[in-house]
Amino acid sequence: MVKIERSYPAPEPLLKEAAKINGSYAQPDVVERLKRDFHNKCYICEIKELQDPQIEHLLPHKNGRYKEREFDWDNLFWACGHCNGVKNQSKYDDGILDCCKRNPEEAIIFGLREDNVSVIPKNQEDPEAGLAARLVEEVFNMRNTGMRIYKSEMRLRALQEEMNVLYTKLEAHAEKPESKQIMRTLQALLKKEMPFAGFKRNYVRERLDVFPELSEYVL
């Protein structure tokens with residue numbers, strides 16, 4: 001999870017659809033804007049080029065809760081079906097950290113140790129960061145149904161593959177620190193729009209004593 005710069009003003013169709021009895025927030029303009037703003041990446045797990053994109057409400061609008069936020073541009077997020085389904089639990093109803101308003105990297109530590117995804121808030125008394133950390137960890141570790149086992153494991157494998165690419169490039173950089181090509185590759189890997197950027201950027205931040213020249217790409 002990384003900071004997302006939401007574009008403004010809100011798409012015009014949202015106002016028109018909100019005035020209808022059975023309006024839809026999933027209008028083409030809304031979908032295209034969310035896809036672009038979020039770099040076609042699930043804001044929760046950070047898997048990219050979504051095959052099952054969904055418009056997710058940070059604060060739920062169903063069952064009468066936060067109904068007034070159903071067409072609120074600031075409440076619409078780009079997510080994959082797996083993460084949207086996992087987040088659809090009452091424990092997340094009161095709101096996770098809003099990555100369009102707060103920088104998750106300043107509030108949460110994203111870690112991977114072999115097969116173990118560990119996501120923890122920097123401040124245990126920060127409820128929004130705590131819920132967001134719990135959610136991100138859960139979407140990689142949930143094993144309560146056959147499909148969720150598959151989808152969680154698929155995301156874990158994809159995360160491991162991306163991290164292995166980063167590890168390899170960091171090793172190459174350590175061996176050839178003068179290589180501009182390797183540095184350009186690392187710079188690209190650490191961009192916020194890349195898949196699993198929260199994990200990759202955190203890994204480098206924790207090793208800036210070894211790679212201080214990468215600080216400008218992760219801070």
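**Reasoning about a predicted fold**

Tutor: In this predicted model, strand β2 is covered on both faces: L76, W78 and C80 are buried on one side, and F77 and A79 are buried on the other.

Student: How many of the residues of β2 are buried?

Tutor: Strand β2 spans residues 76-80, and five of its five residues are buried. The strand is therefore described as mostly covered, since buried means under 20% relative accessible area.

Student: What makes β1 and β2 a pair of strands?

Tutor: Two strands pair if at least two bridges are found between them. Strand β1, residues 53-57, and β2 have five bridges, so the requirement is met. The sense of the pairing is antiparallel, and one of the bridges joins P53 to C80 of β2.

Student: Why is N75 called buried?

Tutor: N75 has a relative accessible area of 0%. The limit is under 20%, so N75 is buried. N75 is found in the loop between β1 and β2. Leaving aside neighbours within four places in sequence, N75 is in contact with E56, H57, L58, L59 and R69.

Student: P60 is found in that loop between β1 and β2 as well. Why does P60 count as buried at 19%?

Tutor: The value of 19% for P60 is under the limit of 20%, so P60 counts as buried. With neighbours within four places in sequence left aside, P60 is in contact with R65, Y66 and D93. In addition, the C-alpha atoms of P60 and Y92 are separated by 9.0 Å, although these residues are 32 apart along the chain.

Student: Which class of exposure does E49 have, and why?

Tutor: E49 has a relative accessible area of 47%. Buried requires under 20% and exposed requires over 50%; E49 therefore falls in between and is called partly exposed. E49 lies in the loop between α2 and β1. Its phi is positive, about 55°, although E49 is not a glycine.

Student: F196 also has a positive phi of about 55° without being a glycine. Is F196 buried or exposed, and how do you know?

Tutor: F196 has a relative accessible area of 2%. That value is under 20%, so F196 is buried. F196 is found in the loop between α7 and α8.

Student: What makes the bond from Y8 to P9 cis?

Tutor: The omega of this peptide bond is near 0°. P9 is in the segment before α1.

Student: How do you know that β3 and β4 pair?

Tutor: Strand β4 covers residues 116-121 and is joined to β3 by six bridges in the antiparallel sense. At least two are needed, so the two strands pair. One of the bridges links G111 to S118 of β4. The strands β3 and β4 form a hairpin with two residues between them, and E114 in the turn has a positive phi of about 55°.

Student: Why is G111 called buried?

Tutor: G111 is found in β3. Its relative accessible area is 11%, which is under 20%, so G111 is buried. Not counting residues up to four places away in sequence, G111 touches N116, V117, S118 and F199. G111 and F199 are 88 residues apart in sequence, yet 6.0 Å apart from C-alpha to C-alpha.

Student: What makes F199 stand out in the largest nonpolar core?

Tutor: That core has 66 residues, and Y43 and F199 have the most contacts inside it. Helix α5, residues 127-141, gives the most to this core, with eight residues. Beyond four places in sequence, the contacts of F199 include F110, V136, F140, L159 and M163.

Student: How do the helices α6 and α8 cross, and which residues make the contact?

Tutor: The axes of α6 and α8 come within 10 Å and cross at roughly 35°, and the crossing is right-handed. The contact is made by L159, E162, M163, L166, Y167 and L170 of α6 together with F199, K200, Y203 and V204 of α8. By class, there are eight nonpolar, no polar and two charged residues in this contact. Glu and Lys count as charged, so E162 and K200 belong to the charged class.

Methods: Residues numbered from 1 in each chain as written. Predicted model: local features only at pLDDT ≥ 70, side-chain atom pairs only at ≥ 80, totals over all residues. Heavy atoms only, no water. Axes fitted to C-alpha atoms, helices over the stretch in contact; angles between N-to-C directions. Helix = DSSP H or I, 4+ residues; strand = E, 2+ residues; numbered from the N terminus. Left-handed = near helix turned anticlockwise from the far one by under 90°. Contact = heavy atoms within 4.5 Å. Core = buried A, V, L, I, M, F, W, Y, C linked by side-chain atoms within 4.5 Å. Buried < 20%, exposed > 50% of the residue type's maximum accessible area, 1.4 Å probe, protein only.
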